[in-house]
Amino acid sequence: MKHNQPVYTDNDPQSELVTLNLGPTHPATHGVFQNVLQLDGERIVSGVSTIGYIHRAFEKIAEHRPFYQITPLTDRLNYCSSPINNMGWHMTVEKLLNIQIPKRVDYLRVIIMELARISDHIICNTIIAQDTGATTTFLYLFQFREHIYEIYEEICGARLTTNIGRIGGLERDFNDIAFAKINKFLKEFPVALREFESLLNRNRIFIDRTAGVAEVTQENALSFGWTGPLLRATGVDYDVRTSEPYSSYQDFDFEIPVGTSGDIYDRYLVRNEEMWQSVRIIEQALEKLKSEPAGIFHADVPEFYLPGKEQVYNNMEALIYHFKIVMGEIDAPKAEVYHAVEGGNGELGFYLINDGGRTPYRLHFRRPSFINYSMFAKMSEGMLLSDAIINMSSMNIIAGELDA
Amino acid sequence: MAKATNTEIIDLLGEKFGEQLFDVTEPYGLLTFSTTKDKVINALTFLKENGKINFNFLTDLTAVHYPEKNQIAVVYHLHSMVSGIRVRLKVFIHENEATIPTASTLWNSANWMERETYDFFGVKFEGHPDLRRILNMDDLGVHPMLKQYPLEDPNRVDKKDEYFGR
């Protein structure tokens with residue numbers, strides 16, 4: 001089947017199956033991807049997924065850009081939690097360059113990443129609720145995504161595609177307003193989340209629509225390469241934050257929630273509990289920041305970290321480093337490195353091969369949405385159409401990450 | 001189960017495969033080795049099913065093009081969630097004869113990752129159930145991640161690749 005050839009019908013005149021083109025732009029799919037489904041009544045007999053509608057060749061572009069210009073590309077992978085992608089990329093390069101990051105920067109990054117995780121999970125869980133008919137909960141919790149975006153604005157000036165942080169640290173320190181907004185968020189969000197849970201967790205309609213729907217076994221989930229909340233909902237306690245701690249996650253006390261059956265209800269519960277754990281992590285990070293020396297927001301690596309403008313204009317060394325960094329003339333070892341972070345949807349990996357040039361020789365993104373989604377058509381077989389829709393919502397497929 | 005270490009894995013693999021695994025390195029602690037394309041499925045099966053090391057998760061599958069050597073490297077990243085160890089397995093194949101047996105018989109996740117690799121590098125995975133392009137359109141005609149294809153329109157004088165580093 002080709003792209004731009006959306007309709008294929010069953011040529012058999014005796015057939016009683018109906019062909020339904022779900023997508024490429026269908027309001028229920030929350031993204032640009034197509035599924036051609038054969039329906040027997042409301043039941044799906046078979047399905048074919050077509051993806052790639054917003055493919056932007058990031059891996060090819062990345063081969064022609066210096067490291068610091070690749071951060072904006074990572075924004076546009078999972079654009080619901082771009083800060084995690086940005087940090088993952090910075091940490092990959094820092095691993096390549098063997099940069100030691102100060103603890104304070106690690107903790108600031110953890111705050112940003114956990115806020116991003118909350119905003120990602122808010123989107124997924126409220127949309128599951130929305131697709132099962134609960135508009136109130138969607139509108140109610142979604143305003144906190146706005147509050148998180150306001151925090152990003154204080155930290156980096158942008159909201160959605162954040163380009164937050166730099167290789168070697170952050171581009172600026174958190175200001176007082178940012179901390180005030182984070183504290184306000186920590187006060188208000190748990191109240192709303194508790195109310196959100198009280199509206200859904202024991203809601204008869206919601207449970208009937210989600211519990212026991214789209215169950216997945218652990219073997220299947222592992223074989224299809226699932227990671228993140230989807231895998232944890234099946235009962236596998238794999239989380240990159242604990243299995244290979246990065247950015248000082250080992251300093252924090254938090255739990256990895258797991259489900260049992262891998263159905264939509266379990267995925268919803270796992271994501272909700274992760275939001276609680278994220279709040280816990282942010283609170284701990286704020287506490288830990290008090291004992292760290294104030295004002296440090298990047299590692300002391302002048303050869304890799306862009307100096308401030310006032311230094312560039314008044315200081316010869318800073319001017320040289322500025323020039324070299326902007327031209328991509330940094331001294332990076334010829335090596336290859338794989339680094340993974342726990343994104344909103346699972347293990348987000350960066351496979352970077354550097355040959356000593358200005359740009360990566362090869363950069364590959366391990367995108368959890370892409371790998372998770374490969375099971376969708378197969379698991380839809382035998383499912384009701386309305387169940388397949390909420391199944392897709394609960395997989396939180398983000399088109400940007402799917403297509404790269 | 002005690003955590004297996006890289007040295008134990010090397011010993012175990014050396015015992016089983018001997019000279020069939022070569023170029024063993026550990027960049028940034030990640031055990032990396034190469035094999036040939038007729039041995040790759042054996043090696044992957046052993047890594048996946050051996051109870052001691054248990055690399056039962058295919059994290060990533062991709063390829064890298066080396067035009068000076070006329071080679072394409074197919075790269076597998078495997079992960080043992082039990083012991084928390086990753087390994088990287090590389091298979092170098094000739095770019096004019098870019099075929100390799102499919103790993104989708106071992107992991108379902110390899111299905112789409114191999115389609116992606118085929119789409120971008122033209123590597124044909126023998127035995128793959130459904131080897132079609134996945135992200136690009138079917139009539140693209142080229143495999144765009146190969147190094148001979150420039151990023152920008154080659155006819156433009158203001159956007160030559162050399163101005164952008166490469």
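**The A–B interface and the largest pocket**

In this predicted model, 21 residue pairs (both at pLDDT 80 or more) are in polar contact between chain B and chain A, a polar contact being a pair of N or O atoms within 3.5 Å, one able to donate a hydrogen and the other to accept it, with residues adjacent in sequence counted only if both atoms are side-chain atoms. On the chain B side, strand 3 (57-66), strand 4 (71-80), strand 5 (85-94) and helix 3 (110-121) each bring at least two residues to the surface touching chain A; strand 3 of chain B has the largest share, nine residues. Helices (H or I, at least four residues) and strands (E, at least two) are DSSP runs numbered from the N terminus.

Contact (heavy atoms within 4.5 Å) involves 49 residues from chain B and 52 residues from chain A. There are six salt bridges across the interface, taken as a Lys or Arg side-chain nitrogen within 4 Å of an Asp or Glu carboxyl oxygen. One salt bridge pairs Lys90(B) with Glu336(A), at 2.7 Å from N to O.

As for the lining of the largest pocket, strand 4 (335-342) of chain A is among its contributors, as is strand 5 of chain B. Strand 4 of chain A gives the most, four residues.

Residues are numbered from 1 along each chain as its sequence is written, and chains are lettered from A, and ligands numbered from 1, in the order in which they are written. Local features need pLDDT of at least 70, side-chain atom pairs count only at pLDDT 80 or more, and totals for chains, interfaces and linings use all residues, while side-chain values use heavy atoms, leaving out hydrogens and water.
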